[in-house]
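I opened this notebook to keep track of what I looked up, one entry at a time. The entries follow the order in which I went through the model.

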Amino acid sequence: MIKNILYATDLSVYNTYLLRNAYQLALKEDAKITVVHAVEPLGVFADAVIDAYVQPEIVPHIRSEGMPALMSSIREQVIESIKMELSDADLDLSRIKDIVIDRGDPTEVILSTARKLDIDLIIMGSSGHSCSTYPMLGSVVGKVLQLSKCPVLMVPTSKARVDNEQVRKKLAGF
């Protein structure tokens, strides 16, 4: 029985398609969805830019206060994106239980969130990369499939699977 779904999003162009798949499954199973988005650590380059261009006395403030502000901003963007995508399909937020934005390696964020929340099913999209007629899995999807303790539903996001009109609408906004 599926009651708790974890929908992992990277906010890609296929987000609408994937979210609607998760939502329809949640309706069918009378389940709730927790949306998770991982923010990768800034890395050496970002640290070097801060050190090079920011006055030294301000750096500690940026490191301590800047990241929480950035995470809050990302959370608001994810919430607005979900609201827009669901309202475009005449769906509401009733199936969305929570939105988790966390810093770290995406695989670890997804798996640790799934463990903490006792998730029954993880839903995520395939990368859409291919080097032949067979799509390759992205590294995050591949690792989650290998390491997850609960079932993972990988939704194909290749052009053949996704309504081209949805993709054109998303791309028109860029």
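Before the first entry I note that helices here are DSSP runs of H or I with at least four residues, numbered from the N terminus. I also keep in mind that this is a predicted model.

**Entry 1: salt bridges**

I searched the whole structure for salt bridges and found two. In one of them Lys-83 joins Glu-80, with the closest N and O atoms 3.8 Å apart, and I see that both residues sit in helix H3, three residues apart, which is about one turn of the helix. I looked up how open to the surroundings these residues are: Lys-83 counts as partly exposed at 38% relative accessibility, and Glu-80 counts as partly exposed at 45%.

The other bridge is between the side chains of Asp-30 and Arg-95, at 3.0 Å from N to O. Asp-30 belongs to the loop between helix H1 (15-29) and S2, while Arg-95 belongs to the loop between H3 (59-88) and strand S3 (96-103), so this pair ties together parts that are 65 residues apart in sequence. Is Arg-95 buried or exposed? At 15% relative accessibility I enter Arg-95 as buried, whereas Asp-30, at 49%, is entered as partly exposed.

**Entry 2: backbone angles in two loops**

I came back to Asp-30 for its backbone, and I noted a positive phi of about 55° although Asp-30 is not a glycine. Asp-90 also has a positive phi of about 55° without being a glycine, and I place Asp-90 in the loop between H3 and S3. With a relative accessible area of 72%, Asp-90 is exposed.

**Entry 3: the sheet**

In what order do the strands of the open sheet lie? I read the order as S3-S2-S1-S4-S5, five strands with parallel pairing. S3 and strand S5 (152-155) stand at the edges with a single partner strand each, so one side of each is left without a neighbour in the sheet. I also wrote down that the twist averages 20° from one strand to the next.

Looking at one pair in detail, I found that S2 and S3 are joined in the parallel sense over seven bridges, and that Asp-102 in S3 is the bridge partner of Ala-38. I then checked which helices pack on the sheet, and H3 does so by touching S2 and S3, its direction making about 145° with that of S3. Helix H5 (residues 139-147) packs on the sheet as well, touching strand S4 (121-125) and S5, and its direction makes about 160° with that of S4.

**Entry 4: H1 against H3**

I looked up how H1 and H3 pack, and found an angle of about 70° with the axes 10 Å apart, which means that H1 is roughly perpendicular to H3. On the H1 side I listed Asn-15, Thr-16, Leu-19, Arg-20 and Tyr-23, and on the H3 side Ser-81, Ile-82, Glu-85, Leu-86 and Asp-88, as the residues that make the contact.

**Entry 5: His-37**

My last look was at His-37, which lies in strand S2 (residues 32-39). At 10% relative accessibility His-37 counts as buried, because the cut-off for buried is under 20%. A polar atom of the His-37 side chain lies 2.9 Å from the backbone oxygen of Thr-9. Leaving aside residues up to four places away in sequence, I noted several residues that His-37 touches, among them Asp-10, Leu-11, Ile-74, Val-78 and Asp-102.

How values were computed:
Residues numbered from 1 in each chain as written. Predicted model: local features only at pLDDT ≥ 70, side-chain atom pairs only at ≥ 80, totals over all residues. Heavy atoms only, no water. Buried < 20%, exposed > 50% of the residue type's maximum accessible area, 1.4 Å probe, protein only. Polar contact = N/O pair within 3.5 Å; in protein donor to acceptor, adjacent residues only side chain to side chain. Contact = heavy atoms within 4.5 Å. Salt bridge = Lys/Arg side-chain N within 4 Å of Asp/Glu carboxyl O. Pairing = 2+ DSSP bridges. Axes fitted to C-alpha atoms, helices over the stretch in contact; angles between N-to-C directions. Parallel < 35°, antiparallel > 145°, perpendicular 65-115°, else oblique.
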